[in-house]
Each structure stands twice: as C-alpha cells, then as structure tokens.
Amino acid sequence: LASAEHLAATVILGDHGRRRAGMGDEFWQYRPAHSGDSARMIDWRRSARSDAHFVREREWQAAQTVLLWVDAGRSMSFTGDRGRAPKSDRAQLLALAVSVLLLRGGERVGLTGETAPPRSGRSQLLRIADALTEDHPGDYAAPEASGLVSHGRMVLISDFLGDMAGVERAMARAADKSMRGTLLQVLDPAEEEFPFDGRTIFESMGGSLRHETMRASDLRSRYLDRLAERKARLDTLARASGWHYHCHHTGQSAQPALLWLYRALERGA
C-alpha cells in the first residue's frame, strides 16, 4: 500500500482528471454560447469583456463506481528473473495505485465479488489491500462477475493466458449493466521474448501442466504467434465492448501503465 501511494504521487494529474460539465455547484469553465442556449444561461459579466457570449458551466460531481478484478491465479506468480517481482505484485500495485487516485477524486472503488464492495474514503484502501492477498488454487482464475453496478466502470488486470471464456462472460455481464472498462494485460519479459533454447522443461506454476522439449527454440515462432493472437483477441474484444486494452510487462516502469489505466477510465466516463 505504501508503494502504491508513492507510485500514485508520481503521477501528476492536476485537478480531478474526470471533470466534465454537468450537475453540480462548483464552477468548471466558460464555453462559447451555442445556438439553442437560453438567455438565462449566458454569463453577462464574462460576456461583457469580449465580443462573444459565454455560458458558465458547472462541474459534474456525481461519484462514479469503479470495480477492479486482479487475477489471483498461480500463473500470476511467475517471474523470469529472480531479481524481478512476479506479475502478481505488479498487478496488485497498479490496482492499489489507481484506487488511490480514484478515491482522491471522490469516486467509489471496490473489488468485484463480495470481499470489498465499492465505497469511498481512505479506509477502503485497507479493505482492498487486504482482499488482494487472497490466493486462488488453480493455475488460471476467471473474473468474478458479481456485485456489478449499472453504468459503473470495471478494470480487469491479468496475464489473460488462461481460458478466455471467463473473461468474455464477465464482460458480457458488465455490458448488461451498461458498464465500460479496461483490460490491462500484465506479462513478464520472458513471456514476451521466449528466451529459451535447448532442452527445456516447461511447467505451469500450479504444476498441472508440463511439457519437455529438446529444442525449445523450435517453439519460439509458434509461441510468439499464439501470444500475438491472444493480444489481438483481447484488443478486438475490448473495442467491440467499448472498452480499452493495454499490455504492460514487468520489465517496464509501473508509472506509464498507471497513467494509461487512469486515463482509460477517464475516457470511458
């Protein structure tokens, strides 16, 4: 949690990044008057300082609900380098950091399912952090699709290397609630590059899958093709649902991924 708050502090967002015109009491901006604006909407004091008429807009202040799901499957504990944190650590860090930013902006944030229902306030960070420590017994986990709220936002963070049926079901249920969101894929550099050669034993983190080969390099092109197909499928699925997709690997700084994630939620608002 301390690392997440430090990461969030490095992202300069200025004022509440999700601001837009709407119902509220706080002044947001002036805009040029358009055809159809009534005379009572005109700010005559501001308009008197120029040759054009201006409308005074207020800031939209209704809080949004954002639900997060962070893959807790065993595959997320993989790291290709002992000096590098596993994918699960990066996924949890990004989930907590974006929660910090959203809660600071007055949004309601929680996890899918029943472990941490959406709430506002700093104490919610502790609930989310505690819930993220729960493990999943299988190699791959599917997103929980309970506790969804109408017109909210949803964030799914995973390596998305398992069965895609669970992801598609969760997104379909979110669509039924008019929810939009983001797919953030987190991969280890070794999964992006496939730096294996000679005799190699591949084993899933949970031990349920095992494959031995004498010439791992022969698998590289087929593996990279399959990975590219998976990324393309995720991107197509996101576009078809009005969502956003991004791939991040743990060899990169977490800051750009956090900024992308926050801005993607802003674009979906």
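How many salt bridges does the structure hold? Let us work towards that and a few related points together.

**Before starting.** This is a predicted model, in which local features need pLDDT of at least 70, side-chain atom pairs count only at pLDDT 80 or more, and totals for chains, interfaces and linings use all residues. Residues are numbered from 1 along each chain as its sequence is written, and side-chain values use heavy atoms, with hydrogens and water left out.

**Exercise 1. Count the salt bridges, then find what the one between Asp-159 and Lys-87 links.**

Step 1: The criterion is a side-chain nitrogen of Lys or Arg within 4 Å of a carboxyl oxygen of Asp or Glu. The structure holds 10 such salt bridges.

Step 2: Asp-159 and Lys-87 form one of them, at 2.8 Å from N to O. This pair links distant parts of the chain, 72 residues apart: Asp-159 is in the loop between β5 and α5, and Lys-87 is in helix α3. Helices here are DSSP runs (H or I, at least four residues), as are strands (E, at least two), both numbered from the N terminus.

Step 3: Check the cover. Both Asp-159 and Lys-87 are buried, where buried means under 20% relative accessible area, exposed over 50%, and partly exposed in between (1.4 Å probe, protein chains only).

**Exercise 2. Compare the settings of the salt bridges Glu-168 to Arg-233 and Arg-263 to Glu-266.**

Step 1: In the bridge between Glu-168 and Arg-233, the closest N and O atoms are 2.8 Å apart. Glu-168 belongs to helix α5 and Arg-233 to helix α7 (residues 220-241), so this bridge ties together parts 65 residues apart in sequence.

Step 2: Glu-168 is partly exposed at 32% relative accessibility, and Arg-233 is partly exposed at 38%.

Step 3: For Arg-263 and Glu-266, the closest N and O atoms are 3.3 Å apart. These two residues are about one helical turn apart, because they sit 3 residues from each other in helix α8 (residues 254-267).

Step 4: Arg-263 is partly exposed at 25%, and Glu-266 is partly exposed at 23%. Returning to shared partners, salt bridges join Lys-87, Asp-159 and Glu-191 into one network.

**Exercise 3. Describe the surroundings of Ala-170.**

Step 1: Ala-170 lies in helix α5 and is buried, with a relative accessible area of 1%.

Step 2: Setting aside residues up to four places away in sequence, Ala-170 touches Pro-143, Ala-145 and Met-154; contact means heavy atoms within 4.5 Å.

Step 3: From Ala-170 to Met-154 the separation is 16 residues in sequence and 9.9 Å in space, C-alpha to C-alpha.

**Exercise 4. Place the two residues His-151 and Ser-178 and give their phi.**

Step 1: Recall the background: most residues other than glycine have a negative phi.

Step 2: His-151, which is not a glycine, has a positive phi of about 60°. His-151 lies in the loop between α4 and β5 and counts as exposed, because its relative accessibility is 54%.

Step 3: Ser-178 also has a positive phi of about 60° without being a glycine. Ser-178 is found in the loop between α5 (165-176) and β6 (180-187), and is partly exposed at 41%.

**Exercise 5. Set these details within the whole chain.**

Step 1: The chain has 8 helices and 9 strands.

Step 2: Of the 269 residues, 42% are buried.

Step 3: Among contacts between residues at least 6 apart in sequence, 72% join residues at least 24 apart.
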